[in-house]
Amino acid sequence: MKKPTFLSASDSHYLVKDAEKLLSPDRRRLLRQGLTLGGIMMLTGCDISDNESVETALSRMSRFNDRVQGFLFSDRDLAPEYSESQITRPFPFNAFYGPEDIPKVDGRDYQLEIRGLVQTTKSWSLTELYHMQQVSQITRHICVEGWSAIGKWGGVPFREFLQLIGADRRARYVSFRCADDYYTSIDMATALHPQTLLALTWDNRILPPEYGYPMKIRIPTKLGYKNPKHVLSIEITNRFPGGYWEDQGYNWFGGS
């Protein structure tokens with residue numbers, strides 16, 4: 001039997017480098033971006049010659065980071081906002097597919113479905129959403145791939161929408177399902193953050209298809225993959241919903 005190769009806590013730097021060699025480029029990037037002191041402590045003592053051992057340690061590290069980020073998160077901490085002159089034009093398109101595969105959603109038939117721990121599961125048409133009180137923000141979209149861009153989004157403060165549907169604010173998660181088969185979820189504290197937006201417009205016009213028509217969830221305190229586009233349904237739940245990228249190893253909390 002092959003003897004496992006272990007490294008001590010004092011060799012944590014080399015352990016991280018060896019772990020990166022065993023992982024795909026995406027997982028290496030997550031390791032570099034998500035590593036905390038606690039994560040290094042979790043990696044020390046694992047068998048770096050065993051990819052499964054490293055993957056298990058990384059999963060523990062990711063869960064640890066989720067708890068730390070959740071503990072530190074506060075609705076009093078706002079993402080920076082910018083001026084009109086700082087908006088990135090053209091704003092980049094980004095998805096797990098090309099522009100030719102952007103879903104075609106008919107706004108005339110659109111109904112936003114509401115599920116889970118709410119007082120009413122009434123569906124909402126675009127007309128109803130457009131008639132709600134709107135706010136706007138100019139904030140930076142930060143992608144896990146390393147680029148960022150500043151855009152202007154307008155829409156309904158999400159916490160006001162949650163109040164309108166009678167969402168149970170004691171619930172742990174809010175999950176989203178989208179027309180492009182994307183799905184993700186956030187914690188309730190993030191859902192209630194004053195900058196989290198049920199976005200219906202971009203740069204003073206109806207949200208274009210490439211940016212999420214008919215509706216996206218804009219969360220400037222989160223990385224881009226936590227900002228779902230083409231949203232079809234919202235569920236309030238205590239059951240962990242995961243996410244498209246999160247189920248493939250991305251950090252669930254995804255704070256920016």
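## Getting to know this predicted model

Leaving out neighbours up to four places away in sequence, Thr 184 is in contact with Val 174, Ser 175, Phe 176, Tyr 225, Lys 226, Pro 228, Gly 242, Gly 243 and Glu 246, where contact means heavy atoms within 4.5 Å. This is a predicted model, in which local features need pLDDT of at least 70, side-chain atom pairs count only at pLDDT 80 or more, and totals for chains, interfaces and linings use all residues. Residues are numbered from 1 along each chain as its sequence is written, and side-chain values use heavy atoms, with hydrogens and water left out.

Let us stay with Thr 184 for a moment. Thr 184 belongs to strand 6. With a relative accessibility of 1%, Thr 184 counts as buried; buried means under 20% relative accessible area, exposed means over 50%, and partly exposed lies in between, using a 1.4 Å probe and protein chains only. Pro 241 is 57 residues from Thr 184 in sequence, and their C-alpha atoms are 7.4 Å apart in space.

Now for the whole chain. It contains seven helices and ten strands. Helices (H or I, at least four residues) and strands (E, at least two) are DSSP runs, numbered from the N terminus. Of the 256 residues in the chain, 50% are buried. Among contacts between residues at least 6 apart in sequence, 69% join residues at least 24 apart. The accessible surface of the chain is about 13000 Å², and 51% of this belongs to carbon and sulfur atoms. Accessible areas come from the Shrake-Rupley method with a 1.4 Å probe; for residues, only the protein chains shown count as cover.

Next comes the sheet. Strands of a sheet pair through backbone hydrogen bonds, either parallel or antiparallel. Here, five strands form an open sheet in the order 2-1-10-5-6, with mixed pairing. Strand 2 (124-125) and strand 6 (183-187) are the edge strands, each pairing on one side only. Two strands pair if DSSP finds at least two bridges between them. Strand 1 (residues 111-116) pairs with strand 2 in the antiparallel sense over two bridges, and Leu 112 stands opposite Trp 124 in strand 2. Strand 1 also pairs with strand 10 (residues 231-237), in the parallel sense over four bridges. In strand 10, Ile 236 is the bridge partner of Gly 116.

Ser 125 lies in edge strand 2. Ser 125 counts as buried because its relative accessibility is 16%. Not counting residues up to four places away in sequence, Ser 125 touches Tyr 110 and Gln 111.

Some backbone angles are worth a look too. Most residues other than glycine have a negative phi, and most peptide bonds are trans. The table lists four places in this chain that depart from that pattern.

| Place | Feature | Angle |
|---|---|---|
| Arg 89 to Pro 90 | cis peptide bond | omega about 0° |
| Tyr 213 to Pro 214 | cis peptide bond | omega near 5° |
| Asp 203 | positive phi | phi near 55° |
| Asn 204 | positive phi | phi near 70° |

Pro 90 sits in the loop between helix 4 (51-72) and strand 1. Pro 214 is in the loop between strand 8 (205-206) and strand 9 (216-218). Asp 203 lies in the loop between strand 7 (197-202) and strand 8, and Asn 204 is also placed in the loop between strand 7 and strand 8. Asp 203 is buried, with a relative accessible area of 15%, whereas Asn 204 is exposed, with a relative accessible area of 58%.

Finally, there is empty space to explore. Rolling a probe the size of a water molecule over the atoms shows where empty space is left. On a 1 Å grid over the protein atoms alone, a pocket is an open set of points with protein on both sides within 12 Å along at least five of seven lines, and lining residues have an atom within 4 Å of a point. The largest pocket has a volume of about 450 Å³, a volume being the space filled by probe spheres set on the points. Its lining has 27 residues, with Asn 94, Ala 95, Phe 96, Gly 224 and Tyr 225 nearest its centre. The lining residues of the largest pocket divide into 16 nonpolar, four polar and seven charged. Ala, Val, Leu, Ile, Met, Phe, Trp, Tyr, Cys and Pro count as nonpolar, Asp, Glu, Lys and Arg as charged, and the others, Gly among them, as polar.

Key:
1 Å grid on protein atoms, 1.4 Å probe; cavity = no way out; pocket = protein on both sides within 12 Å on 5 of 7 lines; lining within 4 Å.
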